[in-house]
Amino acid sequence: MKKLFTSDRFFLAMTLCAVIGEAIAAIIDMFSMPDFLVADIQLLFRVALVVMLYRSYYRHNKNVMKGMMGCLLTAQVLTGFSLAASSSLFTGEKFLCYLYLLFSLSMFVNHFIINSDHHSSPTAVRINEICAILLVLVGICFTIGMIVYNNSALNVLCSVVDAIGFAGMASVVVCVESRLDAYRIEREANGYKAE
């Protein structure tokens, strides 16, 4: 799992999935369900955060990068609370909403544990990698439920691109955390002592 989340290609692929998938989903949703315009604008804001995170990582702008990760995780937790408070559309949706919230909160708390000092935190990073994978599985279950609930061609397209985008959105922060932790492990192996 570590090799996957530290791969340059995977990081780029997840960034592209998040940006393209969620932007297309938000645009389709704006026109097909204008009642959810605020949620779509929030989603486009998260897409912008992903772009900024990716750029800040490759520009080695650590302060911006950490801010973007915190913003993305906060938005994810807020989405989890919104989903948990929403009404059920299909059987089992409430359970999926609570799982989404649980995994999002775990990633959020763990992010601050990982960044609380300058030492490596391979166990905490591994937990976030697992949470990201579980979130993607929850997203796939949501997508299947939405397709079954409303199988119009536009809804199927929106659900599929949203699932692809969500997979990227759930993964980008963990990609950065995994890369930073790999750097810390290497630095510690070379004798670095954090003050």
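## Working through a predicted helical model

Histidine 111 sits in helix α5, which runs over residues 93-114. The model is predicted, so take the exercises below as a tour of that prediction.

**Exercise 1. Is histidine 111 buried or exposed, and which residues does it touch?**

Start with the cut-off: buried means under 20% relative accessible area. Histidine 111 comes in at 3% relative accessibility, so it counts as buried. Next, look at its neighbours, leaving out residues up to four places away in sequence: histidine 111 touches Lys66, Met69, Gly70, Leu73, Asn128 and Glu177.

**Exercise 2. Work out what span α5 should have, and see what its buried residues pack against.**

Step one: α5 has 22 residues, and at 1.5 Å a residue they should span 32 Å. Step two: the end C-alpha atoms of α5 are 31 Å apart, which agrees. Step three: list who is buried. Among them are Leu96, Tyr100, Phe103, Met107 and His111. Now for the spacing: residues three or four places apart on an α-helix point the same way, because there are 3.6 residues a turn. Finally, the packing partners of the buried α5 residues are α3, α4, α6 and α7.

**Exercise 3. Take α2 and find what caps its N-terminal end and what covers its buried residues.**

First, the helix itself: α2 covers residues 8-32, 25 in number, and reaches 36 Å from first C-alpha to last, close to the 36 Å expected at 1.5 Å a residue. Then the cap: serine 7 does that job at the N-terminal end, with a side-chain oxygen 3.3 Å from the backbone nitrogen of arginine 9. Buried residues in α2 include Phe10, Phe11, Met14, Ile28 and Asp29. Their cover includes α1 (2-5), α3 (37-58) and α7 (153-189).

**Exercise 4. Where does histidine 60 lie, and what is its phi?**

Histidine 60 lies in the loop between α3 and α4 (62-85). Its phi is positive, about 60°, although histidine 60 is not a glycine. For exposure, the cut-off is over 50%; histidine 60 has 70% relative accessibility and therefore counts as exposed.

**Exercise 5. Place leucine 137 and say which surface patch it helps make.**

Leucine 137 is in helix α6, residues 122-149. With a relative accessible area of 46%, leucine 137 is partly exposed. Leucine 137 helps make a nonpolar surface patch of about 680 Å², together with Met1, Ile130, Ile133, Leu134, Ile140, Ile144 and Val148.

Conventions: Residues are numbered from 1 along each chain as its sequence is written. This is a predicted model: local features need pLDDT of at least 70, side-chain atom pairs count only at pLDDT 80 or more; totals for chains, interfaces and linings use all residues. Side-chain values use heavy atoms; hydrogens and water are left out. Patches are made of residues with over 30% relative accessible area and no salt bridge: like charges are joined within 9 Å, nonpolar side chains (Val, Leu, Ile, Met, Phe, Trp, Tyr) within 5 Å. Accessible areas come from the Shrake-Rupley method with a 1.4 Å probe; for residues, only the protein chains shown count as cover. A salt bridge is a side-chain nitrogen of Lys or Arg within 4 Å of a carboxyl oxygen of Asp or Glu. Helices (H or I, at least four residues) and strands (E, at least two) are DSSP runs, numbered from the N terminus. Buried means under 20% relative accessible area, exposed over 50%, partly exposed in between (1.4 Å probe, protein chains only). The expected span of a helix is 1.5 Å times one less than its number of residues. Contact means heavy atoms within 4.5 Å. A polar contact is a pair of N or O atoms within 3.5 Å; within protein, one must be able to donate a hydrogen and the other to accept it, and residues adjacent in sequence count only if both atoms are side-chain atoms.
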